[in-house]
There are 2 protein chains.
Amino acid sequence: MTKHFRKALEHINKQILTLGSMVEERVQIAVEAVRDNDSDLAGQIIAADHEIDAKEVEIEEECLKSLALYQPVAVDLRFIVAVIKINNDLERIGDQAVNIAERVGVTAKRDPFDFFFDYSPMGKKAQDMLKMSLDALIHLDVDLAYKVVALDDEVDNIKVEAYDRIKAALKEHPDKVSYLVNLLLISRHLERLADHATNIAEEVIYLIEGEIVRHGKAELPQREE
Amino acid sequence: MTKHFRKALEHINKQILTLGSMVEERVQIAVEAVRDNDSDLAGQIIAADHEIDAKEVEIEEECLKSLALYQPVAVDLRFIVAVIKINNDLERIGDQAVNIAERVGVTAKRDPFDFFFDYSPMGKKAQDMLKMSLDALIHLDVDLAYKVVALDDEVDNIKVEAYDRIKAALKEHPDKVSYLVNLLLISRHLERLADHATNIAEEVIYLIEGEIVRHGKAELPQREE
């Protein structure tokens, strides 16, 4: 590996971690905005999304430049292609934070009433998954990456619980349909956020083991929603 | 370009179009299953999803092999990286067809009642977008790719209409909450399907114009849902 290529790889690594930190922060704020039903916090996320978009474009261009300039093979090639895909997932996690913020923008405007689903544990788990998947990437830690994949089922279970409770509330309070449907959608966005963290972890596993694990995960039996 | 590399590129092209046709077919069946509330059709999609997953893995491995073996630069490099990302989007469109099928699996079991949202126009538009984005890729037709991006707003508008009508139905028929929530989620899956087709079109534009258009699209004012 030439000195220039090593430097380029180090820079890509640093860039993707910067994006990771930015996205982690947005997710943190989104989870707080849900907890406090705080539309000002939610507005901050929406207003700053373009920063994440710009960073994603910058990273992809840097990856393409490195592929063209240094023509890496084997593990270095796989690393850069993994970064291109992880970059994409991070940007979409940012989009999910925006989606959550938009839902909070609606629920915060509705009259409060006594029903509330506490998304803090689900948000915390999704956040942990994101953090762990990025740590797994930095340290090329395959065990940590597998832990992320395993956590995905826990997030799915909370989503099912949220559905059951919110659907029951919808039956009882049909006049609160707008508030409740928006609350329900937050679980969907958190679930997708966790899915993207899982994608990142799966890329890390592929990077380390050279085997594609996505699609290979045993499916839990389908539950009605 | 060597003869071997040209052959490899042609093969990748053929493979991605095969996957595109497979996914198009699944989307077609999913839209029919929704229209007819047909759980048998829906079951076919779920049972055959592993074929799409396997094809995606095969294509990605072929792309990585070509990058390593032929070390392409400029437009050829960009083409292969675009295929890696489009491949990913196609697989996720397949996942959305499965999600729709799962929702039909639930709605088909519920007692029918007089409320129905006709998703045929939305499904048709999403299908058209997928077809057009793949045609744009084959023919490197940038105008067609831009048309796909423009159509995305129309799909979003139908989603908003579906939301309004289903939320009104939820208010009137709180006892039908399970049926109605599943009906509502179908619009979400169709919307995401259209988003992935838009991603594909944006990749095609990038491939042709060398400019990243994603994130650049003017945002419509946010609507409450």
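Is A194(A) buried or exposed? In this predicted model, A194(A) has 30 C-beta neighbours inside 10 Å and therefore counts as buried. The cut-off for that class is 20 or more. The alanine is a convenient place to enter the structure, and the surroundings can be taken from there.

A194(A) is part of helix α7 of chain A. Apart from neighbours within four places in sequence, A194(A) is in contact with A126(A), M129(A), D152(A) and V155(A). I93(A) is 101 residues away from A194(A) along the chain, yet the two C-alpha atoms are separated by 8.4 Å in space. The helix that carries A194(A) has a similar setting: 28 of the 33 residues of α7(A) are buried, so this helix is largely enclosed by the rest of the structure. As for its length, 33 residues at 1.5 Å a residue should span 48 Å, and the end C-alpha atoms of α7(A) are indeed 48 Å apart. After α7(A) comes G210(A), with a positive phi near 70 degrees.

Now for the chain as a whole. Chain A has seven helices and zero strands, so to speak an α-α-α-α-α-α-α pattern when read along the sequence. Its C-alpha atoms fill a box of roughly 65 × 40 × 20 Å along the principal axes. The radius of gyration of chain A is 19 Å, which agrees with the value near 17 Å that a compact globule of 225 residues would have. Of these 225 residues, 46% count as buried. Among the contacts in chain A with a separation of 6 or more, 82% join residues 24 or more positions apart.

Next comes the second chain. Chain A is superposed on chain B by a rotation of 180 degrees, with 0.0 Å of shift along the axis and an RMSD of 0.0 Å. The two copies are thus related as by a two-fold rotation axis. Both copies use the same surface, since 100% of the contact residues of chain A recur in chain B.

What does each chain bring to the contact? Chain A gives 31 residues and chain B gives 31 residues. On the side of chain A that touches chain B, α3 (49-70), α4 (74-107), α6 (142-172) and α7 (177-209) each supply at least two residues. The largest share, nine residues, is that of α4(A). Sorted by class, this side of chain A holds 15 nonpolar, six polar and 10 charged residues.

Helix α3 can be followed further in chain B. There α3 (residues 49-70) has 22 residues and reaches 32 Å from its first C-alpha to its last, close to the 32 Å expected at 1.5 Å a residue. Its buried residues are I52(B), K55(B), E56(B), I59(B), E60(B), C63(B), S66(B) and L67(B). These residues cover an arc of only 135 degrees around the axis, which puts them on the same side of α3(B). An α-helix has 3.6 residues a turn, so residues three or four places apart point the same way. H50(B), A54(B) and E61(B), on the other side of α3(B), are exposed.

What covers the buried residues of α3(B)? The cover includes α1 (3-36) and α4 (74-107) of chain B, together with α4 of chain A. Beyond the end of α3(B) comes Q71(B), with a positive phi near 40 degrees.

How values were computed:
Residues are numbered from 1 along each chain as its sequence is written. Chains are lettered from A and ligands numbered from 1 in the order in which they are written. This is a predicted model: local features need pLDDT of at least 70, side-chain atom pairs count only at pLDDT 80 or more; totals for chains, interfaces and linings use all residues. Helices (H or I, at least four residues) and strands (E, at least two) are DSSP runs, numbered from the N terminus. The radius of gyration is taken over C-alpha atoms; the globule rule is 2.2 Å times the number of residues to the power 0.38. A residue is buried if 20 or more other C-beta atoms lie within 10 Å of its own, exposed if 12 or fewer, and partly exposed in between; C-beta atoms are placed from the backbone. Two residues are in contact if their C-beta atoms, placed from the backbone, lie within 7 Å. Copies are superposed by least squares on the C-alpha atoms of residues with pLDDT of at least 70 in both. Ala, Val, Leu, Ile, Met, Phe, Trp, Tyr, Cys and Pro count as nonpolar, Asp, Glu, Lys and Arg as charged, and the others, Gly among them, as polar. The expected span of a helix is 1.5 Å times one less than its number of residues. The arc is that of the directions from the helix axis to the C-beta atoms.
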